[in-house]
Amino acid sequence: MVIKPMIRNNICLNANPDGCAANVREQIEYARKKLKKSANAPKLALVAGCSNGYGLASRICAGFGYGAATVGLSFENEPSEKRSGTPGYYNNSAFDEQAAKDGIISVTLNGDAYSPVIKSKTIEAVREAALRAGIPAKIDLFIYSLASPVRTDPKTGVMYKSVIKPIGASFKGKTLNIMDGTFGTTEIGSASEEEIFNTVKVMGGEDWQLWMDALDNEGFLCAQTRAAAFTYIGPESSWAIYKNGTIGKAKDDLQRACREIDSKFTQQKKIYGAWISVNKALVTRSSAVIPTIALYITCLYKVMKEMNLHEGCVEQIARLYSDRLYTADGKVPVDSENRIRIDDMEMRDDVQKAVEIKMKNITQENIFTETDIAGVKHDFLQAHGFSPDDIG
Ligand SMILES: NC(=O)c1ccc[n+]([C@@H]2O[C@H](COP(=O)([O-])OP(=O)(O)OC[C@H]3O[C@@H](n4cnc5c(N)ncnc54)[C@H](O)[C@@H]3O)[C@@H](O)[C@H]2O)c1
C-alpha cells in the first residue's frame, strides 16, 4: 500500500513503517562501523525517550555500537484501524527486531516516563534485561532524552503543559514552511509566570532526579554509571525564543538537577558522573515546531554541509560516546560550566558568521539555492519514514 505523508504546519500526522525501519537500519549501520567495544563501554543502558531523535540514536549507539543490553522507554501510539502509529512505534519495533537478530538484548516499554507506574515497570525491565544478558543489574549508562508537551506531577496529580514562549517581551520573527519554502511571520506574546513555572515542571530536571533516586533505591547505580541529558544553546538570534525563553528556563533547571545529581551520587561514589550535553540543532519531531528555528536550520545545514561538518543525530551521539563519555583515559571533556559540547562545530565562529550572513540575505526567490531546505525537508520526512518522492 502506498502511504503519503499528511503534513500541517511542519507537523507530520502519519508515518510509514517501512521507511522508519530503513532509517533505523541506516543508523545501526553507522553505529556498528563507528564505535568499537572497549573495556569501559556500557553493558546495560537505559534510555528514556528512546524512540526518536537523539534518544533513538543514543540507544542505537549503545546497543549496536557497543553491544550493550538496552532498556528503552518512550510514549508512542500504536497503529489502529483508522490511524497509522507514530514513527517512534515503528522505530522501536525495527530496533527490537534487529537486536533479536543480532543477539543484542533489548526490552522496550511504551508509556508515560513521568508516571510512577512506568518507573516501576522499567525497574522490572532492567532486571529482565540484565538476567537475559547474564550481567548484574547495574545501569552503566542512563540517557534522559524526553521532549514532551505535558507532565503530570506524581505527587499532586496536577498536569502541567509546557509552552515555547519568550520571557519579558513578545517576539516577532520569520517562519518557514519547510514543505514549500514559503515564509510567514509569527508574533508570540511573552510568557506569564505560570507558563514559565509549568514549562519548568515539564521540561526541567525534577523528573530526571526522580529517576536517579528510583534507580538508586533499587541498587542499579554503579561506579561506572554515566548519566546524561540534552540541551541546546544556539546563536543569539534564537535566544529570545529558546535560551532566554520558557524552554531555556526549563533547561536551566535541568542543569541545576544535573549539578545536584552529580554532587549527590558522585560524592557517595555511586556514579561516574552526570552531565548535560549541549547538542546540535537538528530536525526532529520536536524541533520542527519551534518557531523560527526551521529557517536557521536550513541555513545551518547548507553551511555545515559545504564545510563538510554536518552531522545527524547518530553522528552526534557516536561522537558523544567515543570522544566525550567513553574516552580512552576516562576523562570527560567539558566546558567552563561542566557541560559536554557536541554543538562545538555548529558554534564555531566561521560557521556562525556564515549562517548569520546567509540568514540576512535569504529571500523568497533564493531560498532553494541559498539554503539546504531540500535537506531539511528530506530529514523531516525521513523522521516519519517518508521521502520527498512520497509527496505528489
Ligand atoms: N532536536 C534538536 O535540535 C535538539 C538539540 C539539542 C537538544 N535537544 C534535546 O534533546 C532531547 C530530545 O529531543 P529530540 O529532538 O530528540 O526529541 P524527539 O521528539 O525526537 O524525541 C522525544 C522522545 O521523548 C519521548 N517522550 C515524550 N514524552 C514522553 C513521556 N511522557 N514518556 C515517555 N517518553 C516520552 C518520545 O516518545 C520520544 O522518544 C530534548 O531534551 C531536547 O531538548 C534537541
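In which sense do S3 and S6 pair, and over how many bridges? The two strands pair in the parallel sense, over four bridges. The model examined here is predicted. Within this pairing, Val47 of S3 stands opposite Ile143 in S6.

The S3–S6 pair belongs to an open sheet of seven strands. The strand order is S5-S4-S3-S6-S11-S12-S13, and the pairing is parallel. S5 and S13 (340-341) form the edges, each pairing on one side only. In general, strands of a sheet pair through backbone hydrogen bonds, either parallel or antiparallel.

S3 spans residues 44-48 and is mostly covered, with five of its five residues buried. Its two faces are both covered. Leu44, Leu46 and Ala48 are buried on one side, and Ala45 and Val47 are buried on the other. In a regular strand, side chains alternate between the two faces of the sheet. S3 also pairs with S4, again in the parallel sense, over five bridges. In that register, Val47 stands opposite Gly72 in S4. The chain passes from S3 through H2 to S4, and this β-α-β crossover is right-handed.

On the other flank of S6 in the strand order lies S11. S6 (residues 141-144) and S11 pair in the parallel sense over four bridges. Phe142 has Ala227 of S11 as its bridge partner. S11 is largely enclosed by the rest of the structure, because six of its six residues are buried. Arg226, Ala228 and Phe230 are buried on one side of the strand. Ala227, Ala229 and Thr231 are buried on the other.

S11 pairs in turn with S12 (residues 273-278), in the parallel sense, over six bridges. Arg226 stands opposite Gly273 in S12. The connection between these strands involves helix H7 (residues 246-267): S11, H7 and S12 make a right-handed β-α-β unit. S12 then joins S13 through two bridges, and these strands run parallel. Ser277 stands opposite Ile340 in S13.

Sheet elements also contribute to the ligand surroundings. The ligand has 29 residues around it. Gly49, Asn52, Gly53, Ser148 and Thr284 come nearest. Helix H2 (53-66), strand S4 (69-74) and strand S11 (226-231) each supply at least two residues of this shell. The largest share, three residues, comes from H2. By residue class, the shell divides into twelve nonpolar, 14 polar and three charged residues. H2 thus has two roles in this description: it contributes to the shell, and it lies on the crossover from S3 to S4.

Helix H3 covers residues 87-102, a run of 16 residues. It reaches 23 Å from its first C-alpha to its last, close to the 22 Å expected at 1.5 Å a residue. The buried residues of H3 are Pro87, Gly88, Tyr89, Tyr90, Asn91, Asn92, Ala94, Phe95 and Ala99. Their cover includes helix H1 (17-34), H2, S4 and strand S5 (106-110). Just after H3, Gly103 takes a positive phi of about 70 degrees.

Helix H12 (residues 373-382) is largely enclosed by the rest of the structure, because seven of its ten residues are buried. These are Ile373, Val376, Lys377, Asp379, Phe380, Leu381 and Gln382. Elements covering them include H1, helix H8 (293-306) and helix H11 (367-370). H1 is therefore listed among the cover of H12, as it is among that of H3.

Pro5 lies in the segment before strand S1 (7-8). Is this residue buried or exposed? Pro5 is buried, because 20 other C-beta atoms lie within 10 Å, and the cut-off for burial is 20 or more. Leaving aside neighbours within four places in sequence, Pro5 is in contact with Cys12, Asn14, Leu381, His384, Phe386, Asp390 and Ile391. One of these partners, Leu381, is also among the buried residues of H12. Pro5 and Arg151 are 146 residues apart in sequence, and their C-alpha atoms are 29 Å apart in space.

Note on methods: Residues are numbered from 1 along each chain as its sequence is written. This is a predicted model: local features need pLDDT of at least 70, side-chain atom pairs count only at pLDDT 80 or more; totals for chains, interfaces and linings use all residues. A residue is near a molecule or strand if its C-beta atom, placed from the backbone, lies within 6 Å of it. Ala, Val, Leu, Ile, Met, Phe, Trp, Tyr, Cys and Pro count as nonpolar, Asp, Glu, Lys and Arg as charged, and the others, Gly among them, as polar. A residue is buried if 20 or more other C-beta atoms lie within 10 Å of its own, exposed if 12 or fewer, and partly exposed in between; C-beta atoms are placed from the backbone. Two strands pair if DSSP finds at least two bridges between them. A crossover is right-handed if, with the strands pointing away from the viewer, the path from the first strand over the helix to the second runs clockwise. The expected span of a helix is 1.5 Å times one less than its number of residues. Two residues are in contact if their C-beta atoms, placed from the backbone, lie within 7 Å.
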